[in-house]
Amino acid sequence: MKKEDIITLPNAHLRQKSSRVHVITDDTKKLIEDMTSAALDWETSRPHEISAALAAVQIDRLEKVIIVRADFDDKHNTEFVPLINPEIVKTEGEPVVIQAEGCLSVKHVYGNVPRYPKIRVKALDITGQEVRIKAEGFMAMLLQHEIDHTNGTVFIDHIKDSPEAFYRLDDSGELEPLDYKESIENNATLWD
Amino acid sequence: MPHFGTKARLIFFGNERIATATTTTNPILKMLIDEGYDVAAIVLHHTFAISRNQRELEVLNLANAYDIPVHYPEKLSELHDTLAAYQADAGVLVAFGKLVPESTIALFPHGIINIHPSALPKHRGPTPVESVILDGSSETAVSIMALAREMDAGPVYAQSPIQLTGAESKQELAGQLLEVSAKSLQAVLPQILSGDCVAQPQDEDHATYDELIEKQDGILDATKPAARLEREVRAFLGWPGTRTSLGSVDVTITKAHVSEIESELSIRCGDGNYLAIDMLKPAGKKEMPVQAFLAGYKHKL
């Protein structure tokens, strides 16, 4: 699949809850392949970013499947780990901003979202085995972001009323504050 | 979710000596490193490594400081697999000195981005810096272009103009061109890599090519107009120099101006004007102003 197959706001599917996968079939495996190829195609057009993770809803499949980059500092490692029916089973600490996050389905907008610094996640691997993951820092933030997708939440929904939390990425890859009143507050693309 | 802060991986070709007898502080490579690009390797043509005068390669300082591997292939084709293994997004080439085969350009998803210090399609070829001085141009430019198989014929991403004062030496102009190139590339490279900047083909009908400058071009030919000879002094400074004999003394003229009247030390030129010498270097001696020269050599003239 291509980056054009990734749906973006205002597509209403992004605010719908995905359904659990009951049986892992060849169709599920094909879905994971499609998600991987779309994520990799997206990053070829992005000089400063790499696709770190993707949820199935982002290629318009309302199923609880996410993929996570094996090494998100290395663009040349194209391996992703799929997680099926992921859910957070435990959180530690109070939500804090770990770093600004963006989303392949929210064009041009980045934001500081408070996230739990440590979480535990339960999911199924591709063989249907249950896996439990302890995550902290960037990985904890990323899993919360993707699991939100499976529940119909987009990262900007957490910071809707925080004028200070919104950024854009300039040409050289640096974050630059966005004018909340002008670009965010009444932006129909983001909220309708 | 994207992870950002990762920058494109680049391979750097060349050493930024864009004219003969110049040195460079490598502002373009420095900019790429400072901007956070992942410069995975530097490629130099092997003849650079064995140059006759063993002049130190400035780019090696940066390579050492930032632990960047350096390759000196005899032919780029022999480096094919090594370069492919870097999986770089693009090449950046400045004064590499040799044509690059298409198979090497094809290794990079965004090709090789070449910086050529002229207002392309004018002054294609090996001597753009010298040639604008020799032409007496009032303006030149740096061109950022996509490298193509034919010399300096690739489509152009961006050009930044530079005004000439008419007094600059080759070394001064080369330094200025490199600084402007670094700024221009800094601005346009992200757009090239994101596909937002599309290169435009050159106007082939207006293309001009410069010849290589040779050592004998440095022998002053007094039948030329004075203005032309003054430009040669600036364009040939360092190499091949502007050489002549004054009486029994062989000298290289390093600074001169055009004059309608004869002066203390001047040469009558083909157009009737005089090339008045300001600074010169007698063979085997240091550069000196004309007064010092006259004090020491008057009896030999």
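This report describes a predicted model of two chains, A and B, from their interface to the sheets, domains and cores.

## Interface between the chains

The contact between the chains involves 25 residues of chain A and 16 residues of chain B. On the chain A side, the elements that contribute two or more residues are β1 (49-51), β6 (101-103) and α2 (137-150). By class, the chain A residues that touch chain B comprise nine nonpolar, nine polar and seven charged.

A pair of strands also spans the interface: β1(A) is joined to strand β1 (residues 2-4) of chain B by three bridges, in the antiparallel sense. Within this pairing, Ile50(A) has His3(B) in β1(B) as its bridge partner.

## Sheets of chain A

One open sheet of chain A has five strands in the order β2-β3-β4-β9-β10, with antiparallel pairing. Its edges are formed by β2 (53-55) and β10 (130-136) of chain A, each of which pairs on one side only. On average, neighbouring strands in this five-stranded sheet are turned by 40° against each other, direction ignored. At the β2 edge, β2(A) runs antiparallel to strand β3 (residues 65-69) of chain A, and three bridges join the two. Leu54(A) stands opposite Ile67(A) in β3(A).

The other open sheet described here has four strands of chain A, ordered β6-β7-β11-β12 and paired in the antiparallel sense. Each of its edge strands, β6 and β12 (175-177) of chain A, has a single partner strand, so one side of each lacks a neighbour in the sheet. The average turn between neighbouring strands of this sheet is 40°, direction ignored. Three bridges pair strand β11 (residues 166-169) of chain A with β12(A), again in the antiparallel sense. Here Arg168(A) stands opposite Glu176(A) in β12(A). The edge strand β6(A) is also among the elements that give two or more residues to the side of chain A touching chain B.

## Helices on the five-stranded sheet

Two helices of chain A lie across strands of the five-stranded sheet. Helix α1 (residues 26-44) of chain A crosses β2, β3 and β4 (80-92) of chain A, and runs at about 45° to β3(A). Helix α2(A) lies across β2, β3, β4, β9 (118-124) and β10 of chain A, at about 125° to β10(A). The same helix, α2(A), gives two or more residues to the side of chain A that touches chain B.

## Chain B: overall layout and domains

Chain B contains nine helices and 13 strands. Its C-alpha trace spans about 80 × 40 × 30 Å along the principal axes. Of the 301 residues in chain B, 41% are buried. Among its contacts between residues at least 6 apart in sequence, 67% join residues at least 24 apart.

The chain is divided into domain 1 (9-206) and domain 2 (215-300). The centres of these domains of chain B, taken over C-alpha atoms, are separated by 34 Å. Ten residues of domain 1 of chain B are in contact with eight residues of domain 2 of chain B. On the domain 1 side, α6 (128-135) and α7 (170-194) of chain B give two or more residues each, and α6(B) gives the most, with three. That side has three nonpolar, four polar and three charged residues.

## Buried elements and nonpolar cores

Strand β2 (residues 9-14) of chain B has five of its six residues buried, so the strand is largely enclosed by the rest of the structure. It pairs with strand β3 (residues 38-43) of chain B in the parallel sense over five bridges, and Val39(B) in β3(B) is the bridge partner of Leu10(B). Other residues touched by Leu10(B) include Leu32(B), Tyr37(B), Ala88(B), Ala90(B) and Val92(B). Helix α8 (residues 226-235) of chain B is mostly covered, with eight of its ten residues buried. Those buried residues, among them Leu229(B), Glu230(B) and Arg231(B), pack against α6, α7, β9 (242-246), β10 (249-259) and β12 (274-282) of chain B.

The largest nonpolar core has 74 residues, and those with the most contacts inside it are Leu10(B), Phe12(B), Ala90(B) and Val92(B). Helix α7(B) supplies the largest share of this core, nine residues. At least three residues of the core come from each of domain 1 (9-206) and domain 2 (215-300) of chain B. A second, separate core has 49 residues, including Ile32(A), Met35(A), Ala123(A) and Phe166(A).

Notes:
Residues numbered from 1 in each chain as written. Chains lettered and ligands numbered in written order. Predicted model: local features only at pLDDT ≥ 70, side-chain atom pairs only at ≥ 80, totals over all residues. Contact = placed C-beta atoms within 7 Å. Nonpolar A, V, L, I, M, F, W, Y, C, P; charged D, E, K, R; others polar. Pairing = 2+ DSSP bridges. Domains from an automatic or database assignment. Buried ≥ 20, exposed ≤ 12 C-beta atoms within 10 Å, placed from the backbone. Core = buried A, V, L, I, M, F, W, Y, C linked by C-beta atoms within 7 Å. Axes fitted to C-alpha atoms, helices over the stretch in contact; angles between N-to-C directions. Lists of a residue's contacts leave out its neighbours within four places in sequence.
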